[in-house]
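Subject: The structure we talked about

Hi,

Here is the model I promised to pass along. Have it open while you read, and my notes follow below.

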Amino acid sequence: MTPAASPQGAALSPTALREQVLPGHPAQVHVARAFVAAVLATCPVADDAVLCVSELAGNAVLHSASRNPGGTFTVRASIFDDHVRIEVEDNGGTWDEHPHRDSRSHGLDIVRELGADCGRDGGPLTGWVIWVRIQWG
């Protein structure tokens, strides 16, 4: 995933925006999934959004400074008229995405496949916000 500024569509006001701050521990990934599932219960792309947040939250707790003692990550779900935007904000750290030797999909590959657009904002000191926009209709 390459750095990308948030798309202009993200500047639109969502019809609903929810967020939850969670401890940066792998056991909290299922809480992030349940949170997004509840927020998007009636949304036509809820299953895709839950899968994306699972991958993004997993990366936050395994690969970012959120995994350090006292670390947290924040999950945001925004509902718009024709898409949802899922974000996971971590506590920063180095961003080291390297090619995979096998041919199977990995977390960010899955997010890229499901999303109409995705990217990252922030930095190693301020924290990374990894986002995906999932379109419907």
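One term before anything else: a crossing of two helices is called left-handed if the near helix is turned anticlockwise from the far one by less than a right angle, and right-handed if clockwise. You'll need that in a moment. Please also keep in mind that this is a predicted model.

First, the overall layout. The protein has 3 helices and 5 strands, and starting at the N terminus they come in the order β-α-α-β-β-α-β-β. It has 137 residues, of which 44% count as buried. If you take the contacts between residues at least 6 apart in sequence, 68% of them join residues at least 24 apart.

Now the helix pair. Two packed helices are described by the angle between their axes and the distance between the axes. Here the pair is helix 2 (residues 46–63) and helix 3 (residues 107–114), whose axes come within 9 Å and cross at roughly 150 degrees. Angles over 145 degrees count as roughly antiparallel, and therefore helix 2 and helix 3 are roughly antiparallel to each other. As for the handedness, helix 2 passes helix 3 in a left-handed crossing. On the helix 2 side, the contact is made by Asp48, Leu51, Cys52, Glu55, Leu56 and Asn59. Helix 3 brings Gly107, Leu108, Ile110, Val111 and Leu114 to it. Sorted by class, that contact has 7 nonpolar, 2 polar and 2 charged residues.

Next, the charged pairs, which may be more your thing. Side chains of opposite charge can pair when their charged atoms come close. How many salt bridges does the structure hold? The count is 5, and I'd start with the ones at Arg76.

- Arg76 and Glu19 meet through their side chains in a salt bridge, at 2.9 Å from N to O. Arg76 sits in strand 2 (residues 72–79) and Glu19 in strand 1 (residues 16–23), so this pair ties together parts that are 57 residues apart in sequence.
- Arg76 also forms a salt bridge with Glu89, with the closest N and O atoms 2.6 Å apart. This pair links strand 2, where Arg76 lies, to Glu89 in strand 3 (residues 83–89), 13 residues apart along the chain.

Is Arg76 buried or exposed? Its relative accessibility is 16%, so Arg76 counts as buried. Its partner Glu19 counts as partly exposed at 48%, and Glu89 is partly exposed too, with a relative accessible area of 24%.

Back in helix 3, the side chains of Asp109 and Arg112 form a salt bridge as well (3.2 Å, N to O). These two are separated by about one helical turn, because they are 3 residues apart in helix 3. Asp109 counts as partly exposed at 31% relative accessibility, and Arg112 is partly exposed with a relative accessible area of 30%. Elsewhere, salt bridges that share partners join Glu19, Arg76, Arg85, Glu87 and Glu89 into one network.

Last, a loop residue to look at. Leu125 is in the loop between strand 4 (117–123) and strand 5 (127–135). With a relative accessible area of 83%, Leu125 is exposed. The C-alpha atoms of Leu125 and Thr94 are separated by 8.8 Å, although the two residues are 31 apart along the chain.

That's the tour. Shout if anything is unclear.

Cheers

How values were computed
Residues numbered from 1 in each chain as written. Predicted model: local features only at pLDDT ≥ 70, side-chain atom pairs only at ≥ 80, totals over all residues. Heavy atoms only, no water. Axes fitted to C-alpha atoms, helices over the stretch in contact; angles between N-to-C directions. Helix = DSSP H or I, 4+ residues; strand = E, 2+ residues; numbered from the N terminus. Parallel < 35°, antiparallel > 145°, perpendicular 65-115°, else oblique. Contact = heavy atoms within 4.5 Å. Nonpolar A, V, L, I, M, F, W, Y, C, P; charged D, E, K, R; others polar. Buried < 20%, exposed > 50% of the residue type's maximum accessible area, 1.4 Å probe, protein only. Salt bridge = Lys/Arg side-chain N within 4 Å of Asp/Glu carboxyl O.
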